[in-house]
Structure formats: structure tokens, C-alpha cells
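These are my notebook entries on a strand and its neighbours, and then on a contact between two chains. I wrote down each term with its cut-offs where I first needed it.

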Amino acid sequence: MKEVEIRRLFAANLLCVFSVILTAVVPALLWDGFTVLGTHLVWLCICSVCVGTVNVILHLVLKPNRSPKRSSLAHKISRFLKCCIYFFMSCIVFHAIIVLYGAPLLGSVTETFLFSVLLSTFTTLQCLCMLGPNIQAWIRVFSKNGAMSIWESSLQITTVCSILGAWFGAFPIPLDWDRPWQVWPISCSFGATFGYVAGLIIAPLWIHWNRKQLTYKSR
Amino acid sequence: MRLRSGVFASSCLLVEVLGVALFLRGFFPVPVRSLPRREAGGELPAEPAPTGPGMVSNWTKIPPPLFKKVVIVLIDALRDDFVFGSKGEQFMPYTKQVIDRGPSYSFIAEVKPPTVTMPRIKALMTGSIPGFIDVIVNLNSPALLDDNLIWQAKTAGKRIIFYGDDTWVKLFPKHFVEYDGTTSFFVSDFTEVDDNVTRHLDRVLKREDWDLLILHYLGLDHIGHVTGPNSPLVGTKLREMDNILKKIHISLLSKEEASLPNLLVVCGDHGMSETGSHGGSSAGEVHTPLLFISSTFEKRSGPLTQPELVQQTDLASTLAVGLGLPISRNSVGNLILPVVGGRTMREQLRFVHLNGFQLSRLLQENTPAYEKDPGYEHFKIAEKSHANWIKLYLEGNNSEILLNLGKKVLKQYLEALKTLSSSLSKQVAQYDMYSMMVGIVIVMEVLLLLLLSIPKALSSRAEFEVPLSPPLFSLLFYLVCLMLCAVHVIVCTSAESLCYFCSMSWFTAVGVMMLISALMCGILSAIAKVFDNSRLPVKNPVLSSSSWSEIDVLILAGTVGHVLSLGASSFVEEEHQTWYFLINTLCLVLGQELCRNNFLLKEYDPQHSTTVKQNFEEDSEYKNIDIPAVDDSKLGKATISAEFSRGSDKWISLASPWIILICCRLLRSLNQTGVQWAHQPDFGHWLTSSEHKSELSFLAAVSLLMIFFLVQRRCSLVSKIAMALGLLGVYSYRAAIGNVIFPWQHGSKDISKGITEARFVYVFVLGIVFSGTKDLLKSQVISSDSGMKSTGLWEVYSGLVLLAALLFRPHNLPVLVFCLLIQTMMTKYIWRPLKFDAAQITVMHYWFGQAFFYFQGNSNGIASVDVSAGFVGLESYVEIPAIFLTAFAAYAGPLLWAIHLLCYLSSEVSRNSAAVGHGCFCYALVRSLPVAVYIVLVTGLRYHLFIWSVFSPKLLYEGVHVFITATICLFFTAMDHNHSHKVQD
């Protein structure tokens, strides 16, 4: 049972990784003049949209959290709207945090906001898919020993990796190398993307490695 | 012998100060370059002898002077765009017209850092590049002993008159036939310094009894320091300077004789950064204009496009040639050829030959392998072709071909000169490696000792057993000592270069060697103990990584990461970004911790309270190794957290990290510092510009009010009143010196130095500190009453806050407010409820202290030191108080946070009796880690391109910071005294 579950997780994560890689490759083939560095904002949009869609589709297909009770359509719609609002709010919160970290308040708002959308896609969207708009569950998952399934462990790992990646991505900004990728927010968004990809790959391996120690409490 | 951790840490730091001082002495060598000047006049080269037989050049003496009278107008902090840019066009119309259409040559002179006045004067007059150490001795400049232009001129019988900065009078005592020195130390004086120079001008210009007139105007530099380069005062000052130049030029022209023209040189000693200070190496600071105006020069037809770039050191050689003097021996400058461009080809060649000869001789004295130097080779080739040219010339060949050939030789010479001076400039730094190594060894040993004693020092007793005389290591000690002494003798007898450590007396040297070996034995015994302990059955549980909280990981990673970042020059330049980044992350992690603490407990309390408690018990057992009464704290933690999660306090507590983050973001945009983004607009500039005086006044008043409300809570009534009066005094001081205005005062009031007001505040500072000290002493000696002690400490703290409020510039007062605000919020809502241990609290305080150092507007460049703080309330420059006040103003942030740490920890004594000792130890550790690593890094990077502009200033900052930390730790130890009494009882 567990092995199968891990394999499914691995496959799903690999799909996400491929979608990230494809966002960098495919538009360059289709559209002349597209480079990840040069037209970074466009890439940010494409990457957010693709990763978002892939995540939502995977969630719909795999259904990692089998909810026992069937809910009405109205409930579903309200849930969906709530998710949208949460996502938007998380974008705003990320934007605020990035500004607090020192991004200009008035200048380059687009860059900062798109970067926060990317970060939200890597973190909040996944949480929304997995846990729904339920803050208590989020807090539970993100505290020590709070994960209750391998999907939640994977969620923990990828989220933390994405944020750490963005955090590390800020390091090269003060260096005086004058490289194109040091421009705000390229290094940070790269950091976040690499962190996300690394998290996706690490999560199943780590779970596989520690599968003996991992015991999930039932709900 | 038993030692408490506080005592141990302070003594370690004292030893470290010694090591750092020794290292600094070795790193900043007193420049030793060339032979003393008395032998300088010796042989002068003749023109290169033609190869053919029978022909000897008759030019063997120094060429005669080209100019009769020379006037040098040195305008302090004259930046290139003040003359060549739009400001010049607007405010210096006469000068601009002379540059564009008059008989003049204009250049941009490039200055080498440190861009501080005295080294620059030395560079201008000797043509050498003074070392960085000159910055440190800048304040009491002794006479210049190197060969220099002024000395040469005096020996040649020229009569020199000087008016201006009295640094010159100190540098060249008895060289001037007439002088009037003005002191540059009162920075807020804009007009008087220059009027004192100009008042002599009319009289002197009429007279005929001088050959060289030097004027050094300081007003512009003062305006820059106080108001910055964009203030309207700069325009007024430039216009004044323009009028002075016009007067001098017209008077020189009117007196000109046909045979020998006069020369007017206009230059700046250094530029001005965008904030108006100097000392570093930004483009504004290192580019100054250099104008030569004389009637012999060709008139320029069209306006000047872009002036040519020359070195500042080139002026010395050029002036020497112009005055018919030998070029100074140590000069690395090149002759500026256009100035002598009007002379015949033979003369021009003669001048560059003299210059080249002097440079190659300097090279011979400094490098053993000088013959392989490309510059030297070029020079030899050029000399040969010069000889051939002379031969042709003497043969009477006087055609076009000869002229072209001469031009070619000239070109060869210029090439050679350029290569020679660049290879000479590279050799400025000669390090005293032996002293540096001794310093490094001491500092590293102290660091190792501190690291090895972490487990002991942070134990609940916070005490050490320091073995002083176990028999085993006494033998080792003597052996090591003997070996080191032998090494010392060998190094000192074999070293050919000057070494500071060798020049110390033998007793001191042996003492240092004994210290080193004692430290080494201490380390060895500590290591031995660690091994012994590990062999014994493990009693205390080893710290496993899983028990580390996020805060611990962050603190460790942040400390290590910051230390590693010091190896990159950009990270040193932009160190403030590192600290801002770290404290932001810290706040976020604290926020997360608070969140978890509040919500999780609430959620789990009903059903899972026992399991949660179990968890916490395990956690705290690992984490709080220093808490003696573990049981109490466990229970306390759970109960307090539960009780804490009730009420509206919870929401304030949850919001507090965010409020702190917003405060930090605001402070960050108050002062842009560093290098890359320093030019960006910030609130500080907006506030200090003269249009926004009323806003600044309002802000200052509100800030002072806030400071009062934040500080007075824990003071006694007398101190409260004193504080209020003191803060009023601060405002009236700022009003008196014209920074802020009173609401009822509309017209411009006359600006005074505010001596009375400032002294009024000093009285209250002393009063508050004194009453605090009295309380402390009482609590130490008579009764060990902790309440009185904490009031006393808080009063000392508030006295320092008042002093900082006086010394900070008015736009920086919000920094102080936010500092107090953050401290209050942190204490009330974060540290107390979350029950961090002393080590974590200490590191957080240290981080915030560092961040506030940069929030104040400091950077790792010399330029950002606010020198004007050293003159608050002083009539004239008095060395010791000025240094003390400047250092206090610069390090106010770290200092206030450290004292706050002491206040906080001593109020925690009831919970953890060893808290102060732990705090002191951790503070010493987090300070000595970056210092030790940085010293090693700088030694490795000593030939780095940016060593003088980036790494050296930072090294000085680190040195001063270690010294201050040692003082703080001594204070900590003194306060910890109580604890030892209690323990003994």
C-alpha cells in the first residue's frame, strides 16, 4: 500500500518537474525572442499558470485526500471561491513580506507582484489543493510531526524548499558582478523554482528512505 | 582557580583586543619608502650623452623655472562637477569662461583613497601615495619628513606664503615666510574659516616679496559635511570661490612681465560623496578638478568637452618642473606634458627625462629586480633614442624630421613614465607579516578557547575550573615558550624590513610569547578534557539535531553565514543588507513561533494537554540546558502560554513581529547606506534638505516626546524630570545650531555653536548616569535588592539614550525611537512569553544591535563616520572627548542594545541565576568569531584590488568594535558580581 502510494507521489512530482522544465523550453520554440532571462516577467506568468494547472489537474485526478462526505454543488462553489480569495490574499501577503525584506515599495511593483504570485503557486496553491481553505489544518501540517500522510509530508518539504530557495536566491543580489540574472527578481524566482523542483524530487526519496520511521496518526 | 563565565569571557576579550591591536599595527605599516631627503639634492642627471665622439651636452643643471610666481588655490572637497558640471556653469562663471576660452589647461585629477585631507596634502606635495595609516594619525599630524615640493622650494630660496588649513603649518613647520592657519575642526563653521584666508589676499597680491602662495579653503568641505553637495549653500560658496579666483587671476595678469609668466593652479584635495562626506572611494570622492591658468598657454578655441584624467600625484612633479626644482624623490607622479607644451622640443625632452630618471631611481630603491620591470626597460630605450636625438640636434640638424623624431622620443618617454609610476604605485602596501601573524595567533587561540569552553560556560553554574599549574603542561608550557622565543630571535635577526613586533622591548616580546604559549596549553588541556568526557559514560544527553528549534538553526546559520560573507568585498560593502535580511528572517521565525505557541496550545489543550506537556518537557530538557530549575520552567511554560493565549494580548503579541518588521522597513529607507544603492533617494536626505526644515522639526519633536514616554516608565521621579529637561535641551540645541526651528520662530535666526544648550544636556546625562550608578552601587554593596539594581541599570541606560539623542543628527532621532519601541515590544510580547534562554536572547540582541549600526546611516566606509558628533558642546577640538563622543555616536546602536541586554538579563535573574554570565559569554563569542575570521581573511586577501577601499576600513571598524565589546563585557562582569555573592552564600 505504502509503496504504491509513494510511487504515485513520485510520478505526480515528476510531472510537476517536467511542467517547470517545459515552461522554460516550449515557449522559446514557439515564440521568437523568448528567453527566461530576457523576458522574465512573461516566463513568471507562464510558469505560474502551468504549475498551477498541473497541480490542480493532478489533484483532481489523484485525489490524495479522500474526503468521506459528499458535498453539494453550492458548497463546492463556495469552497472554490474561498480558495481563490485565499490565493489572492497569499499573493498580497507574500508581496508585503518581500517589500518588508527591502524590495522597493513603489518601483518595480509588477516584478515583485509576479514573483509573489510564483511563490504562492509553489506554496499556497498546493496547500489549497491538498488541505482546502482550512487554516487550522495548515497550522497543523506546518508544525512539528503534524503531517498525517505522505502527501502532506511531501507538501511540507516542497513548500519549505521553495521558500528556502527564494531566501537563498536573494544572496547574490548585493554582489557587484553585473550579471543579467542579478536583476530583481530573477535570482529570487530562480531560487524559488530550483527549490521547488528540488523539493519535488527530494520529497518522495526522503519519504522512501524514512518509510520505516514514518508513522502517520490516523485522523 | 575558579572563574565565572563572565570573568572568563571578559579576560578573553581583553587578550583579544591586544591581539587585534598588534595585528592592526602590522597591517597598517608606517610607510617607509626612500632615503631621507637630506641626501636628495645629490646627483642630477645630465641630458643623455650623445653616442658620437666629441660631443657633450651642456645641459647638466636643473632647468630654470618656467613661471615666476605660482599661486595654488586648494579648495577642500572640490568635486569635478562643481567646476566642469552644471554647478560650475551656474555658480562659477568666471572660472568656466577661463576654462572654455582662456589660456588654461584643465584636467580631472584622480585621487587615491583614503580621501581625507592630510594624506591628500601629502600626496599633492610629495607626489607619493600615503598609506592608510595616515587616516588614523590625521588628527595630530606631525611634520612631514619626506622629500617634498615645499622643502625643495624653501631650500632653493623661494619665499612661500600660506593661508588656510593649519594642517599645512603642522606638516611644514618653519617653511613659510608668512602663514595664518585656520583650524578645520569646527565643522559647522561655513564662513569664518574662509574669511580668515581671504582677508589677507588683497594685501598679499599687491606685494612682490613672494614666489609661491598657497591658499587652502575649508568652507566647502564643512558645508558638504553638514548639508551635503546639493544644498544651496554650496552654490553660494562656489560663487565666493569664483570671485576669489577672478581677483587672483586679474591681479596676476596685471603684474606679468614679458620674460616669465605667472601660474595659477586650482585644485581640490578630494571630492565629496553624494551624502557630502569623504574618505572612501566613490566616483564623487576621487575625482577633483585640476586647472592650470597662465598667459603662456594657448587659448582654447571652443568649449571644453571632457577634461583629461590625470593622477593627483602628477601635480608635484609638474610644479617642480614649473618652479625649476628637483622632483621630489618619492614622487610617483608623471609630468603633465601640456603644461610645458609651449617650450622647445629639447626642453620638453629634458623635463621628461628628469622625471623618468627620478622614477627609475625610486624603482631601483624599492625593487631588487628592477631591471626586469617593463617601465625601466622602456625608459632605457627612450633614453637611448633621446641621446641619438641630441646628437642630431647638436649637429645642427633643425628640420621637420628632427621635430617628428623628437615627438617620437617624447612618446616613448611618456609610455615609460606611465608604466614606471603604475608599477611603483602597486608597491605602496608593505605588510609587517610577523606582527600580523602574532596577532592572528593570539586572536585565533582566544577564539578556540572560547569555542571549547561553550559547554562549561553555558552550564547552569556558569563556572570554570581553570587549572593553573598541573604538572603535565608546565613542561609543555616552557618548551613552547622557549621555541617561540627562538623563533622570535630568528625572525627578528633575519628580517630586513622594519617590523613593529621586533622593535618592541624584549620583556614585552617575551611576555607576549608566554601569553601565547599559556593560551595554547589552555586549549590543549580543554581538548584533553573534552576527550576525557567523551570517554566517560555519557551523562548528559548529547544535543541531537532534531531537538533544535528553528530559532536555533537560524541563529547558527546566520552567524556562520555572516562570518563567511565577510570574504567577499561586495558583501562587506553591503553588510547592512546581510543584517537587515537576518533580522527580517528572525522576526518571521519569531512570528511563526508565536503563532504555533498560541494556536496549537489552544487547539490541543482540551484533549492533548498531557501529550503537549510531554513534548515540551522533552524539548526544554534539551534546549534549556542552562536552566537549573527545570521543573519550574516546564510547568511555567505551559501555564503561562495557556494563560497568555487568553485575552486581547494574544493579538498584540501575534502582531508584534509584523510591527517590528514594518519599523525595520521604515528605518531601512531612512538612511541608504553601503555603496551600490547609496545614491538612491531616502527619507534622511529629504528631511535634511533646507525646504523641509519644518517637517524635520516636527519629526524631531515627536521623536523626542516618544523617547521620553518609552524611557520614563522604569525611571525614578528625579530621573524622569531630568530626562524631560534633557530632551528639551536636545531640541533647543538643535534649534540653536539651526537644524530645526521653533514653531514661534519664523525669520532666520543667527546660528550659534549651541555650546550652552549642549552642556545643559550633558549635565543631565551625567546626572542620570550618576544616579543610576549610585543605585547600582547601593544594590551591590549594601543590600542585594534586585529591584533597585534593575532601576539603576535602566537609569544608566536612559542616560545613554539621552546622550545618543543629543549626538544623533535630528533626522536620525526616529532610529532611537524605533530602537526603544522594538526593545519594549520584544521584551513584553516575545522574549518573556516564549522563554528563550540567555544565549538566544544575546544573539538576537547582537543582531539587532548590528542592524541598528547601519540603520543610523553608518557603513563600512570611513566616510560615513559622523565627525560632527565629536564637536557637540565643545568650543574647540579637544582630542579625548571628541574621540569618545564620535565613537559613542557611531556605535550607539550596538551599545544601546548591549546595555538593554544587560537590563533584560538581570531582570531574568530570578528565573536563571546565571543569565548575565551566559549573556556575557555569548556576546564575547559572537563578537570574536567574525573578528578572528575576518583577520585571517584580510591577511589572505592583502593583495586584493579593494584592500584599501573596502577591507581596511572594515578592519578598523572591527577593531574599534572589539574594543567597545571588551568594555561592555567588563561592565557585564561587574554587574554579575551579585550572582557570585549569592552563590557563595
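**Entry 1: a strand and its partners**

I looked up the pairing first and found that strand β3 (residues 104-110) of chain B is joined to β8(B) by seven bridges, the two running antiparallel. Strands here are DSSP runs of E of at least two residues, and helices are runs of H or I of at least four, both numbered from the N terminus; two strands pair if DSSP finds at least two bridges between them. The model is predicted, so I note its conditions: local features need pLDDT of at least 70, side-chain atom pairs count only at pLDDT 80 or more, and totals for chains, interfaces and linings use all residues. Residues are numbered from 1 along each chain as its sequence is written, chains are lettered from A and ligands numbered from 1 in the order in which they are written, and side-chain values use heavy atoms, with hydrogens and water left out.

On the β3 side, I found Glu110(B) to be the bridge partner of His287(B) in β8(B). Strand β7 (residues 263-267) of chain B is also antiparallel to β8(B), with four bridges joining them, and there Leu264(B) stands opposite Ile293(B).

I then checked how covered β8 (residues 287-293) of chain B is, and seven of its seven residues are buried, where buried means under 20% relative accessible area with a 1.4 Å probe, protein chains only. His287(B), Pro289(B), Leu291(B) and Ile293(B) point one way from the strand, while Thr288(B), Leu290(B) and Phe292(B) point the other way.

**Entry 2: chain B as a whole**

I counted 39 helices and 10 strands in chain B, and of its 985 residues 58% count as buried.

**Entry 3: where chain B touches chain A**

For the contact (heavy atoms within 4.5 Å) I recorded 25 residues from chain B and 21 residues from chain A. The buried area, which is the accessible area (1.4 Å probe) that two parts lose on being put together, summed over both, is about 2000 Å², and carbon and sulfur atoms give 63% of that. In chain B, Phe571(B), Phe581(B) and Arg665(B) lose the most area to chain A, together 28% of what that side buries.

I also looked for salt bridges, meaning a side-chain nitrogen of Lys or Arg within 4 Å of a carboxyl oxygen of Asp or Glu, and the rule finds zero across this interface. Helices α24 (569-573), α25 (575-623) and α27 (649-668) of chain B each supply at least two residues of the side that touches chain A, and α25(B) gives the most, with 11 residues.

Methods. Buried < 20%, exposed > 50% of the residue type's maximum accessible area, 1.4 Å probe, protein only.
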